[in-house]
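Work through the exercises below with the sequence and the model at hand. Each task is followed by a solution in steps.

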Amino acid sequence: MVQRHADKALVERVKQLRTGLAGTPLIPLAHDELDIVAKLEFCNPTGSTKDRSALWILERAISRGDIQQNTMVVESSSGNFALALAFYCRMLGIAFVPVIDPNCNAATETHLRNLCRHVEKVSQRDAAGGYLKTRLSRVQELLMECGPAYWPNQYANPDALDAHYQFTAGELIKDAGVIDYLFVGVSTGGTIAGVSRRVKEAFPRSVVVAVDTEGSVIFGGPPKKRWIPGIGSSIVPPLCRQALIDEVEIVSEVRAAEGCHELLDRYGLFVGGSTGSIYAGIQSYFARNRPTGPRPTIAFLAADRGHAYTKTVYDADWLRELRAEAARSSSPARPHQSDIEGELLTCTP
């Protein structure tokens, strides 16, 4: 086995960057029946919750010697994780190649091409109707083609879970107090795995609700084409198996987009598609489960800002076409946990 030694200069530099993640605000949202608090993760330096996992994964890999100054970082991402890695790798002077697909927003792709010398873009859909497996295959090819290379593998890297356990959930618990319900969108699994475990430790009676999108296969639903990045997956990410999930709420992409508009119109929150999905999930969940006792406290993560979605979710013509596409391919939705038989629901530490 090759003995790796940490690059001391990189170790010091990445520690300095960590001071830039000083925490994100928690704000209350006015509601007639619920005490809803939103943790504004889009206030992180690159605009999403992915700052947490991207910087921590890099920091831990550098400390182990897995990343040196001449290492090329290669990763598959639908947008936010790639942006976060691109930013921190640029700050560290490390080469980064993101592997993206046509669902990557135009603004995000332009940003990545300005930050990275090379961007790989796949175009072939996988068997599940998405691009994830195609992206992952291209990542493996690049790892073989490049010299020293490192794959963060956000779908299985325990450092991704640890980042959200330590930092995201730690802040949430400190600022929110007792949490009765926690709603988290699911894609790579790191966020919900880390946050759910920490919240369950602090508040064992808290109900963790995973929000997923129609067309995602994470909880056993039928695959289909999806247009909004940042939520859902064509595979069951290994990190999801470590999440502590009580219930699942499946949200259509139309309702996700409408959720974005409702957050903007009612609260002035300009958010991305995954956050709109979570807000729509809160609405549908409590439409079926109206609280009868004291007002419960509901916490959720506003995972990213809406700037990258101006030509999609916030574009009237795009939303009209999304509704038309949904009408053409409509199938019975499975809106809540009782319809889902998934092993994630029975996960234990």
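**Exercise 1.** With which residue does Asp35 form a salt bridge, and how far apart are the closest N and O atoms?

Solution. The model is a predicted one. Step 1: the partner of Asp35 is Arg295, with 3.0 Å between the closest N and O atoms. Step 2: place the two ends. Asp35 belongs to strand β2 (residues 35–40), while Arg295 sits in the loop between α9 (273–288) and β10 (297–302). The pair is 260 residues apart and links distant parts of the chain. Step 3: check accessibility. Asp35 has a relative accessibility of 32% and counts as partly exposed; Arg295, at 38%, also counts as partly exposed.

**Exercise 2.** Classify Asp246 and Lys200, which form a salt bridge, as buried, partly exposed or exposed.

Solution. Step 1: the closest N and O atoms of Asp246 and Lys200 are 2.6 Å apart. Step 2: Asp246 lies in the loop between β8 (207–213) and β9 (247–251), and Lys200 in helix α7 (residues 190–202), 46 residues apart. Step 3: apply the cut-off, under 20% relative accessible area for buried. Lys200, at 16%, is therefore buried, whereas Asp246, at 27%, is partly exposed.

**Exercise 3.** Which side chain meets that of Asp66 in a salt bridge, and how many salt bridges does the structure hold?

Solution. Step 1: the side chain of Arg64 meets that of Asp66, at 2.9 Å from N to O. Step 2: Asp66 has a relative accessible area of 21% and is partly exposed; Arg64 is partly exposed at 34%. Step 3: the total for the structure is 24 salt bridges. Salt bridges also link Lys39, Glu41, Arg52 and Glu171 in a network.

**Exercise 4.** Where does the largest cavity lie with respect to domain 1 and domain 2, and which residues line it closest to its centre?

Solution. Step 1: searching the whole structure gives one cavity of 30 Å³ or more. The volume of the largest cavity is about 590 Å³. Step 2: its lining has 45 residues, of which Ser78, Ser187, Pro229, Gly230 and Ile231 are the closest to the centre. Step 3: sort the lining by type, which gives 16 nonpolar, 23 polar and six charged residues. Step 4: sort by element. At least two lining residues each come from α3 (80–92), α5 (132–145), β7 (181–185), α7 and α9, and α7 gives the largest share, three residues. Step 5: the cavity lies between domain 1 (48–150) and domain 2 (164–321), because both give residues to its lining.

Methods
Residues are numbered from 1 along each chain as its sequence is written. This is a predicted model: local features need pLDDT of at least 70, side-chain atom pairs count only at pLDDT 80 or more; totals for chains, interfaces and linings use all residues. Side-chain values use heavy atoms; hydrogens and water are left out. A salt bridge is a side-chain nitrogen of Lys or Arg within 4 Å of a carboxyl oxygen of Asp or Glu. Helices (H or I, at least four residues) and strands (E, at least two) are DSSP runs, numbered from the N terminus. Buried means under 20% relative accessible area, exposed over 50%, partly exposed in between (1.4 Å probe, protein chains only). On a 1 Å grid over the protein atoms alone, a cavity is a set of points where a 1.4 Å probe fits but cannot get out, and a pocket is an open set with protein on both sides within 12 Å along at least five of seven lines; lining residues have an atom within 4 Å of a point. Grid points are joined across faces, edges and corners, and a volume is the space filled by probe spheres set on the points. Ala, Val, Leu, Ile, Met, Phe, Trp, Tyr, Cys and Pro count as nonpolar, Asp, Glu, Lys and Arg as charged, and the others, Gly among them, as polar. Domain bounds come from an automatic or database domain assignment.
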